[in-house]
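Trainee: Could you take me through a close look at one part of this model, the strands and the surroundings of the ligand? A connected account would help.

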Amino acid sequence: MDKRQADRRQGAPGEREVQTRTAPAVERAQEMVVENLSAYYGNFKAITDVSMHIRPNKITALIGPSGCGKSTFIRTLNRMHEVAPGGRIEGRVLLDGEDIYARDVDPVRVRRRVGMVFQKPNPFPTMSIYDNVVAGLKLTRRRKKSELDEIVERTLRQAALWDEVKNKLSESGTSLSGGQQQRLCIARTLAVEPEVILMDEPASALDPISTQKIEDAMEELKERYTVVIVTHNMQQAARISDYTGFFYIENMGDPGRLWEFDETDKIFSNPGRKETEDYVTGRFG
Ligand SMILES: Nc1ncnc2c1ncn2[C@@H]1O[C@H](COP(=O)(O)OP(=O)(O)OP(=O)(O)O)[C@@H](O)[C@H]1O
């Protein structure tokens with residue numbers, strides 16, 4: 001751990017204590033295992049035969065040229081893919097050993113366990129910052145105000161937004177900057193206590209300072225969650241992720257494949273396949 005990470009982990013004086021006090025008692029991160037997954041839109045096969053082991057408490061980055069199926073793949077991990085017209089899969093996706101596509105599994109429950117943050121921040125426009133964070137919780141059971149207050153503070157801290165909004169929690173979520181809105185959406189995702197967090201290009205619409213804050217938040221998140229991120233930003237993948245999957249289409253018209261999957265250091269310093277090397281060194285894509 002370098003000094004920057006150590007400082008960040010330790011937090012400001014007093015802050016560490018609050019984080020620990022308000023943290024949920026259980027460790028929630030779970031592994032996901034993907035076996036021979038193919039995904040379709042109607043008759044069109046977008047990805048084929050993807051197998052991947054997504055480790056708990058790690059950040060897994062998905063990279064590759066446009067159209068090779070990264071977004072399609074990440075959406076299969078919480079059954080969002082089937083919401084698209086004609087969206088269906090073959091293969092298996094296991095969350096903590098349980099097939100999320102088994103017939104008796106409720107997709108709504110899967111999406112609570114595997115939360116998703118989208119490319120474009122999408123806070124609920126008529127709601128305050130506070131209500132945005134707890135929006136998903138209200139659907140489950142009634143909670144005391146003190147309990148909600150604690151969840152709001154904890155998740156906003158984990159999303160690296162608390163200090164910027166703690167004095168204006170009743171203001172509209174849309175009054176925030178784009179980068180703050182994205183961190184608000186991360187807090188909203190965390191509030192329902194998922195086990196895995198999926199992020200589809202969460203920083204692509206943001207300026208470098210906001211991007212840095214999202215990356216800082218992600219470092220914190222992997223302490224508690226399993227994180228999967230799609231990114232076009234090679235430096236970002238190299239900086240923040242532990243494992244990297246490179247998706248690629250060999251011939252036009254073919255479905256996308258997981259071309260190479262390995263520890264991020266290996267993918268960026270000594271990849272096993274030429275196409276991976278060409279991509280990470282910026283020779284194409
Ligand atoms: N809703 C949809 N209906 C039909 N085809 C789709 C749909 N969404 C994506 N596709 C197709 O599936 C393939 C994979 O698209 P996908 O968005 O997963 O790729 P990607 O790697 O995430 O691309 P990008 O980096 O540009 O976001 C593409 O050929 C795309 O046109």
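**Strands and ligand shell**

Mentor: In the hairpin of β4 and β5, Asp-96 takes a positive phi near 50°, with 2 residues between the strands. Bear in mind that this is a predicted model. The two strands of that hairpin, β4 and β5 (residues 98-99), pair in the antiparallel sense over 2 bridges, and Leu-94 has Asp-99 as its bridge partner in β5. β4 (residues 87-95) also pairs with β1 (residues 32-41), again in the antiparallel sense, over 8 bridges. Within that pairing, Gly-87 in β4 is the bridge partner of Tyr-41.

Tyr-41 leads on to the ligand, as it is one of the residues around it. Others there include Phe-44, Ala-46, Ala-84 and Gly-64, along with Ser-66, Gly-67, Cys-68, Gly-69, Lys-70, Ser-71 and Thr-72. By class, the shell has 5 nonpolar, 6 polar and 1 charged residues. At least two shell residues come from each of β2 (44-54) and α3 (70-76); α3 supplies the largest share, 3 residues.

Gly-64, one of the shell residues, gives a link to a distant stretch of sequence. Its C-alpha atom is separated by 8.3 Å from that of Gly-245, 181 residues apart along the chain. Gly-245 lies in strand β9 (residues 243-248). Gly-245 counts as buried because 26 other C-beta atoms lie within 10 Å, where the cut-off is 20 or more. Leaving aside neighbours within four places in sequence, Gly-245 is in contact with Met-52, Thr-60, Leu-62, Leu-258 and Phe-261.

Technical notes:
Residues are numbered from 1 along each chain as its sequence is written. This is a predicted model: local features need pLDDT of at least 70, side-chain atom pairs count only at pLDDT 80 or more; totals for chains, interfaces and linings use all residues. A residue is near a molecule or strand if its C-beta atom, placed from the backbone, lies within 6 Å of it. Helices (H or I, at least four residues) and strands (E, at least two) are DSSP runs, numbered from the N terminus. Ala, Val, Leu, Ile, Met, Phe, Trp, Tyr, Cys and Pro count as nonpolar, Asp, Glu, Lys and Arg as charged, and the others, Gly among them, as polar. Two strands pair if DSSP finds at least two bridges between them. A residue is buried if 20 or more other C-beta atoms lie within 10 Å of its own, exposed if 12 or fewer, and partly exposed in between; C-beta atoms are placed from the backbone. Two residues are in contact if their C-beta atoms, placed from the backbone, lie within 7 Å.
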